[in-house]
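Reader: I'm new to reading protein structures and get lost when I try to see everything at once. Could you take me slowly through one sheet and then show me what lies around it?

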Amino acid sequence: MCLAIPGKVVELQHTDDQTNRPGKVSFGGIIREVNFCFLPKAAVDDYVLVHVGVALSKVEELEALETLRYLKEMGELDELNPEPDRQGD
Amino acid sequence: MKYLSEFRDEEIVRTLLGKIRKCVMKPWNIMEVCGGQTHGLVRHGLLQMLPEQVRMIHGPGCPVCVTPISLIDKAVELALEHNVILCSYGDMLRVPGSTISLQQARAMGGDIRILYSPLEAVSIARQNPEREVVFFAVGFETTAPPNALSVEQAYREKLSNYSILSSHVLVPPAMEAIMSDSETKVDGFLAAGHVCTVTGLSEYVPLVEKWKMPIVVTGFEPVDLLEGIYMVVSQLESGEYRLENQYRRVVKIDGNQRAVHLVNSVFEYRDREWRGIGEIPMSGLFLAQKYSDYDATLKFGPLKERSYEDSGCLSGDVMKGKIKPHECPNFGDGCTPVNPLGAPMVSNEGACAAYYNYVAQDSKE
C-alpha cells in the first residue's frame, strides 16, 4: 500500500486550485496523470516520488549520487584493505 | 539517474553484505516495520544472504492485514445491501471477511471497483450523481494525504454522494506497542521510508530516547535495505542509539508539511483496533467533525459489533514477530494466496504472501 515509485515529470499545469494541480509523470516510459498539489515547487524534468496518483516528494539527485559514491568508495576501500572475512563463523 | 537500477547494484549489495558480516558480533533482532520492505528483503533473496546473527523480524506494516474484519464486513454490506459503488485498492478484495470477501461480494453482483487512486473515486462520484460512491480508505501515513485529498476535493465541490470507509493506522504508536509487549524482543528498527516521506523524522525521536534503540529510516531497494541494516547493526555493536536517515534522497527532515497539514485538518487521532493485534492507543485516523458528512459509517450505519473471527489465522503472532510465517501450522497447506485464512497471505505487503511466493520456508531456521 505504501508502494511509491520515482518517475520523471513530463508535464505540469499551473492552477489556482489548491486540491488539484494536474501533471504527467513518466515511469520508464509509461505516462500517468499525477496530482502535484503537495509539491508546489516541482518542475518538469524533476524526479518525484508518486503514491496512488499523488506526488509526495522530490527525489534529490545530489543525495542519491552522494549515497552511491559513498557506498562505491566503501567497496573500493575494502578491496584495498581486505580484512579477514568472517563469513561462515 | 533513474533512482531504481542504481540502488539494485550487485557490487554495492556485495560490499554492504561484507560490511554487515564484518561488523556483526552478537545476535540482533531487527524489525522492518513496513510490509513493502519485507517483500523487498524476501523477493531479492536478501534474508538468506544476511549473516545468521542478523535476525529480521517482519512488522505489522501491512495496512490491508491490520484492517479490522468488521470494516471488511461493512464494505461487503455497503456493496450488497446499500447498492453503493464501492471503490477499493486491489489488495483488499481477497481478504476474508467474517462471511465473505469483497471479491465474493462482487461475484454476487456488488458494484465493486478496483482503483489506483482515491482521486478516481471522486471522479466516479462526479460522473454518477445518482449513485453513492464509497472509497475503502485503507492505509498508513503515506496513503493518508491522498485519501484526505479526496475528501477535501469532495468537500470543496459539495459532492454529497461521496464518502470514505476509513481504516487509517499510524506507525509510531504500533512501534511503541511492539516495544511494550514483553514477549517481543526488538533491538532496532528500520523505519518505513515512505511513511517518513510524509511525516518527517520528529515522531521517532521520543521512541529512540525512551527505548534506547537505533531507528534508521530506510528505503526499499536492495542497496537501501542493506545500508539501513548496516547502519542499525553498526549502532548496536557500538552500544549507540540514534535516529538516522538512510533514505535521504527522498525523506526530508520535516517530511511534506503540506500533506501533513491536510491530514491533520481532515482527520483526527483516536484509539484503533488492529486486526490480529488488538487496540492500540491513538493509532488511528478518523474523519474530523467538519468532514463527518463524508464518513460512510455515519451515512450508512455503524460497524457491527466486533465480528467473529476464528479462521485459525495466526496473523497477530506473525506481525508481532513471535513466529515466522512458515511456522504457522496452516502455512501453505490450509492457507495459500488462492485460499487465504487471513490477510497477510493476501496482501502484496503481507509477510505470509512474501514467504509463500518467494521462499516457501526460511532456509536459516
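Author: Here's a walk through one sheet, followed by the core and the contact between chains. Quick housekeeping: this is a predicted model, where local features need pLDDT of at least 70 and side-chain atom pairs count only at pLDDT 80 or more, while totals for chains, interfaces and linings use all residues. Residues are numbered from 1 along each chain as its sequence is written, and chains are lettered from A and ligands numbered from 1 in the order in which they are written.

Start in chain B, with an open sheet of five strands, paired in parallel in the order E2-E1-E7-E8-E9. Strands (E, at least two residues) and helices (H or I, at least four) are DSSP runs numbered from the N terminus, and two strands pair if DSSP finds at least two bridges between them. At the edges you'll find E2 (54–61) and E9 (243–245) of chain B, each with a single partner strand, so one side of each has no neighbour in the sheet. From one strand to the next, the twist averages 25 degrees.

Now zoom in on E1 (28–34) and E7 (188–192) of chain B: they run parallel, joined by three bridges. One pairing to look for is Met31(B), whose bridge partner in E7(B) is Phe189(B). Helix H9 (171–180) of chain B packs on this sheet and touches E1, E2 and E7 of chain B. "Touching" here goes by contacts, with C-beta atoms, placed from the backbone, within 7 Å. H9(B) makes an angle of about 150 degrees with E1(B); axes are lines fitted to C-alpha atoms (for helices, over the stretch in contact), with angles from 0 to 180 degrees between N-to-C directions.

Next, the core. The largest nonpolar core has 142 residues, and Ala191(B) and Ala55(A) are among those with the most contacts inside it. Such a core is a set of buried Ala, Val, Leu, Ile, Met, Phe, Trp, Tyr and Cys residues joined through C-beta atoms within 7 Å; buried means 20 or more other C-beta atoms within 10 Å of a residue's own, with C-beta atoms placed from the backbone. Helix H12(B) gives the most to this core, nine residues. Leaving out residues up to four places away in sequence, Ala55(A) touches several residues, including Val34(A), Phe36(A) and Val50(A).

Finally, the chains meet: 48 residues of chain B and 34 of chain A take part in the contact. On chain B's side, H1(B) gives the largest share, eight residues.

Note on methods: Two residues are in contact if their C-beta atoms, placed from the backbone, lie within 7 Å. A residue is buried if 20 or more other C-beta atoms lie within 10 Å of its own, exposed if 12 or fewer, and partly exposed in between; C-beta atoms are placed from the backbone.
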